[in-house]
Amino acid sequence: MRRAEWVGPRVRSGVVHALAALCLGALLAGCGPREVSTGHEVVVFRHPKLFGDPAALERLFAEFERESGIRVRSETLPSASDEQHLFYAINLQAGSREFDVFALDVIWVAEFARAGWLVDLTALVPDADREDLFPGPLAAVTWNRRIYALPWFVDAGLLYYRKDLLDKHGLAPPATWQALVDAARVVTGREPGLYGFVWQGKQYEGLVCNALEFVRGQGGDLPASDAARDASLRGLAFMRALVIDGVAPPFVTTLTEEPARVIFGQGRALFLRNWPYAWQLLARDGSPVQGKIGVAALPHAPGQPAAATLGGWQLGVNVHSARPAAAARVAAFLASARAQKALALAYGYAPPRRSLYRDPALARAQPFLASLREIFETARPRPVSPHYVALSQVLQSELSGVLTGERAPAAAVRAIDRAHRELERR
Amino acid sequence: MSRARAHREAWPLVAPAGLVLVVVAAVPMLYVVWLSLHDRTVFRPPTFAGLGNYARLAADARFWNALGNTLYFTVVSVALELLLGLAIALLLARAGRLRAAAYGVMLLPWAVPTVVSARMWEWIYNAELGVLNYLAGARINWLGDPLLALHAAIAMDVWKATPFVALLLLAALQGIPRDLYRAAAVDGAGPWTTFRRVTLPLLLPVMLVAVVFRTIDALRVFDAIYVLTGGGPANGTETLSIYAYKILFQTLDFGYGSALAVVVLAVTAVAAAAYARALRGGAE
């Protein structure tokens, strides 16, 4: 018995097919679905570890199996983003059939689509779904006008603020970047030992997300179009000024998500830029800032839209899958409103569908998530490009250069645009 | 048995070991060289590119920055390790009973896995809560400023590798016959002259060996800096190996990344060859 288990799925799937054929015969002969449960097609689903009780995901798969006859076997990825990317690249390039459906970070879809590793899933997204999905995730999964992955969870940058301190000094949560700077000056001037604004300024992917929010909040973009160049320069100059003027501490150039969250969580900063995950940690029992914090959309320049950077996970189907039809059904099921609602309830991941934010059960169980609808609505993906990973390395070093004063904003924008043009030619 | 026959019979005996070497060392190395002559990304099958990747390197400011960082890191850290290692070895040679205890304490930095010590140093350098700023009574942004960060990385490497150099030199010091020192004393040589005329010349070959080991390690430095800073800020700590890693394992541009790896190999080989020459020269 042990041995049979060890030999594992590959051998078993042969047996499974034989059984399936037998049962098909049996079905025709009037055998009920209960008796065929061992004859189900198996689809392997690769995804990052979900933080919470794994039983919720298993229940969802069990439900799906009862309805569809397709069994989903779920396998988790390594935890570091680089390793996940490498895992997929190595396996997909080698034509691996070890997994059929897989979760992708929002920044990989165009790359994998261009490499020919993803099944075109445009047909799985009817017009009704297109209208239901937030525009950011939909743009992130679209490459050359085709849809290569289904949005699964969304993530977006938020502004966390100390409600108690703003109230104490008669201030409102800032809607514009200038208001944030002014509020930070006033409050840190009167509260010794308090930092104004902490965010992610270390040279890594998080800096790209933060900097795009500064730049897009001024109406600019990176890479910058000619029309947006001046606004982009203003955004970068603003980012640098945060450090020069002491609104952000100098060591913001070393901060990633968690160190920034910890400083704010210890009550040592007025404002924090972070993802929605931080809420639970900041608002839980025992947190020094419990009950003292609020969340708002990130500020922007007057007359410009707020522009949080989009994160999150999408579902793709492996082009080499031996069971493409079943795999597509699994992807569609996991991306359905029903599955997303169940996962939002169990794990607190934010669904990419507008309709779920009107769902009373979800609003009751996850009031924080439900309050973020407007922010997800306007969240924008990082540049959707098959060369994003390479472009990001340039963005990271140039942005870090601007932040540390090594690079003038104009030189950085030129270098980013040049790198972008060179990459697109390749 | 004739010499020729002995050689003939030796071949089959050496062959398995030779084969292992070829498979684990030569084949991957040649494969990297072969890759570096091709355009190979995840998007396309490989096409021959000749020296195209190397031409790209020559025009790549990021490559020159990484090369500069690597050479600066190597020269400064190896020089400091040699000087400090020598000083510690000379002290320990006179330490008498304390020596055994000193050995243990000194070996600690060398024994701690690099990734662990890099994490530890990340905290030591923490601008807000780090012990270094606490002792200095300052708020120095050690890892958040490009130039400071590179020197912080050098200091970490010196902390880790100095014990290795010191132990190597201490062993050599203990091998110098006492008679030579007595003879020097009889001739009226002071401590400085004794050091210059007796100790230093006899230590030189071992110093060269220590420098070879340290240089080769420093030229390839990856894990310590990757964990400490990830190559930032502003690519101020990006070494050739970190650059090659990012191209090979993140952007998956295998041809260009291999060209970078070949440059690391070439720089290391040149350094090793230069030292080997010096060692031979010293031995004659």
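Start with chain B and color it by secondary structure: read along the sequence, the pattern is α-β-β-α-α-α-α-α-α-α-α-α-α-α. That comes to 12 helices and 2 strands. Keep in mind as you click around that this is a predicted model.

Stay on chain B and show just its C-alpha atoms. They fill a box of roughly 75 × 75 × 30 Å along the principal axes. Of the chain's 284 residues, 33% count as buried. If you draw the contacts in chain B with a separation of 6 or more, 70% of them join residues 24 or more positions apart.

**Next stop: the core**

Now bring chain A back and select Val109(A), Tyr160(A), Phe197(A), Val198(A) and Ala331(A). These residues have the most contacts inside the largest nonpolar core, which has 183 residues. Which helix gives the most to this core? Select residues 146–174 of chain B: that is helix H7, and it supplies 13 residues.

Next, color chain A by domain, with domain 1 as 2–29 + 40–155 + 312–378 and domain 2 as 158–307 + 387–425. Both domains give residues to the core, so it lies between them.

Zoom in on Phe197(A), one of the residues you just picked. Setting aside neighbours within four places in sequence, what is Phe197(A) in contact with? Light up Leu180(A), Ala184(A), Leu242(A) and Val247(A), then add Ala248(A), Ala269(A), Leu270(A) and Phe271(A).

**Where the chains touch**

Pull back until you can see both chains. Here 22 residues of chain A are in contact with 20 residues of chain B. On the chain A side, the elements that give two or more residues are helix H3 (81–93) and H18. H18(A) gives the most, with 7 residues. Color that side of chain A by residue class and you'll get 8 nonpolar, 9 polar and 5 charged.

**Last stop: a helix pair**

While H18 is on your mind, select residues 388–404 of chain A, then add H19, residues 409–425 of chain A. How far apart are their axes? They sit 9 Å apart, and the helices pack at an angle of about 175 degrees. An angle over 145 degrees counts as roughly antiparallel, and H18(A) and H19(A) are therefore roughly antiparallel to each other.

Turn on side chains to see who meets whom. From H18(A), look for residues including Leu391(A), Val394(A), Leu395(A) and Glu398(A); across from them in H19(A) are residues including Ala412(A), Ile416(A), His420(A) and Leu423(A). By class, this contact has 12 nonpolar, 2 polar and 1 charged residues.

Terms used. Residues are numbered from 1 along each chain as its sequence is written. Chains are lettered from A and ligands numbered from 1 in the order in which they are written. This is a predicted model: local features need pLDDT of at least 70, side-chain atom pairs count only at pLDDT 80 or more; totals for chains, interfaces and linings use all residues. Axes are lines fitted to C-alpha atoms, for helices over the stretch in contact, and angles run from 0 to 180 degrees between N-to-C directions. Helices (H or I, at least four residues) and strands (E, at least two) are DSSP runs, numbered from the N terminus. Angles under 35 degrees count as roughly parallel, over 145 as roughly antiparallel, 65 to 115 as roughly perpendicular and the rest as oblique. Two residues are in contact if their C-beta atoms, placed from the backbone, lie within 7 Å. Ala, Val, Leu, Ile, Met, Phe, Trp, Tyr, Cys and Pro count as nonpolar, Asp, Glu, Lys and Arg as charged, and the others, Gly among them, as polar. A nonpolar core is a set of buried Ala, Val, Leu, Ile, Met, Phe, Trp, Tyr and Cys residues joined through C-beta atoms within 7 Å. A residue is buried if 20 or more other C-beta atoms lie within 10 Å of its own, exposed if 12 or fewer, and partly exposed in between; C-beta atoms are placed from the backbone. Domain bounds come from an automatic or database domain assignment.
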